[in-house]
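Dear colleague,

I am passing on a structure that you have not worked with before. Please open it first, and then read my notes beside it.

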Amino acid sequence: MKAAVLDTDGHYRVTERDEPTPGPGQVAIRVAYAGIQWGDTMVRDGLFPVPRPFVPGFEASGHITAVGEGVDASRVGEPVTALTMAGAYAEVVLAPAVLTLNIGDLPLRTAAGLGWGAPTAYDLINTAAHVRPGERVLIHAAAGSVGTLAAQFARLAGADRIVGVVGTADRADYAAQFGYDQLLLREDFPAKLGDDTFDVILDPVGGATRHAGLVEQLAPHGRLVAYGNLATYEPVLANANDLLTHGKSLLTYNSNLLSQTHPERLADSARRALGLVADGQVRTDITAEYDLGDLAMAVQRLAEGATHGKSILRIA
């Protein structure tokens, strides 16, 4: 089979490899499309150390072609979307059966837009932050695949005001179609907030942004959910006594860890997000589609912030 390999020299190459065989609890999927996500930049840059050569790719849509021990054989032939541990940038990938969801009549290309972003956004709003009707929500990285989905989930949860922060005017124009009440450029943030505070802040940025969110932008009883470190891995120190005095909470969300400790919980959130996409209440937006040989360019564009929405690779 053809696969894109991240080689020992840090370059991607399309090579021929043997098709993998599913082990216990796994399925094999003939990949139609594979989603591109921030984890790809982290693997490329060595922030997630993996043995190289390595076939990256952490989300796929396609059809199940084989199942391992303990998996219902009737699943062969199912059209699915799957969260994988690696290997989705290939014609066949292995995935945990529990994290492989039947998509019914949803097109495979649309399903490829779900990936890890859909359950992450769903959980940020509904599980971690528990957004309640009438609350105010601030979303950083508002034009990305998680941000655009989170805004929609927040609206469904009853949020009264949703504000997003983006890097450029083009990204603000793009994000506006997903239900934000206001979009701010990062260069104007937080000055143009005025005295606004928020019940929920979703922060994948870290550093000074996270500190200011905790100290200045959270309302009493507000919850800041940290789920990444786009800006810096420098630690952000929080005084638990200060948080307690104002009823503020600092929460974290790690979908990769959840897939290892409680995969059934992640699968449940993915299934709920899939249902909302399938019935048209929430939409994914695929803005770029690449061939397998263009993976290096696709990952670089994501790393540079030159993309918005969701990017995918066409495999089949």
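The notes below cover one helix pair and the aromatic pair within it.

This is a predicted model, in which local features need pLDDT of at least 70 and side-chain atom pairs count only at pLDDT 80 or more, while totals for chains, interfaces and linings use all residues. Residues are numbered from 1 along each chain as its sequence is written, and side-chain values use heavy atoms, with hydrogens and water left out.

Helix α3 (residues 117–128) packs against helix α4 (residues 145–156) at an angle of about 45°, and their axes are 8 Å apart. That angle makes α3 oblique to α4 (angles under 35 degrees count as roughly parallel, over 145 as roughly antiparallel, 65 to 115 as roughly perpendicular and the rest as oblique). Among the residues that make the contact (heavy atoms within 4.5 Å) are Y122 and L124 of α3 and L149 and F153 of α4.

The whole structure was also searched for aromatic pairs, and two were found (ring centres within 6.5 Å; planes under 30 degrees apart count as stacked, over 60 as edge-to-face and the rest as tilted). Y122 and F153 form an edge-to-face pair, with 5.5 Å from centre to centre and 85° between the planes. Because Y122 lies in helix α3 and F153 in helix α4, this pair ties together parts that are 31 residues apart in sequence. Both Y122 and F153 are buried (under 20% relative accessible area, with exposed over 50% and partly exposed in between, for a 1.4 Å probe and protein chains only).

With best regards

Technical notes: Axes are lines fitted to C-alpha atoms, for helices over the stretch in contact, and angles run from 0 to 180 degrees between N-to-C directions. Helices (H or I, at least four residues) and strands (E, at least two) are DSSP runs, numbered from the N terminus. Rings of Phe, Tyr and Trp (its six-membered ring) pair if their centres lie within 6.5 Å; planes under 30 degrees apart count as stacked, over 60 as edge-to-face and the rest as tilted.
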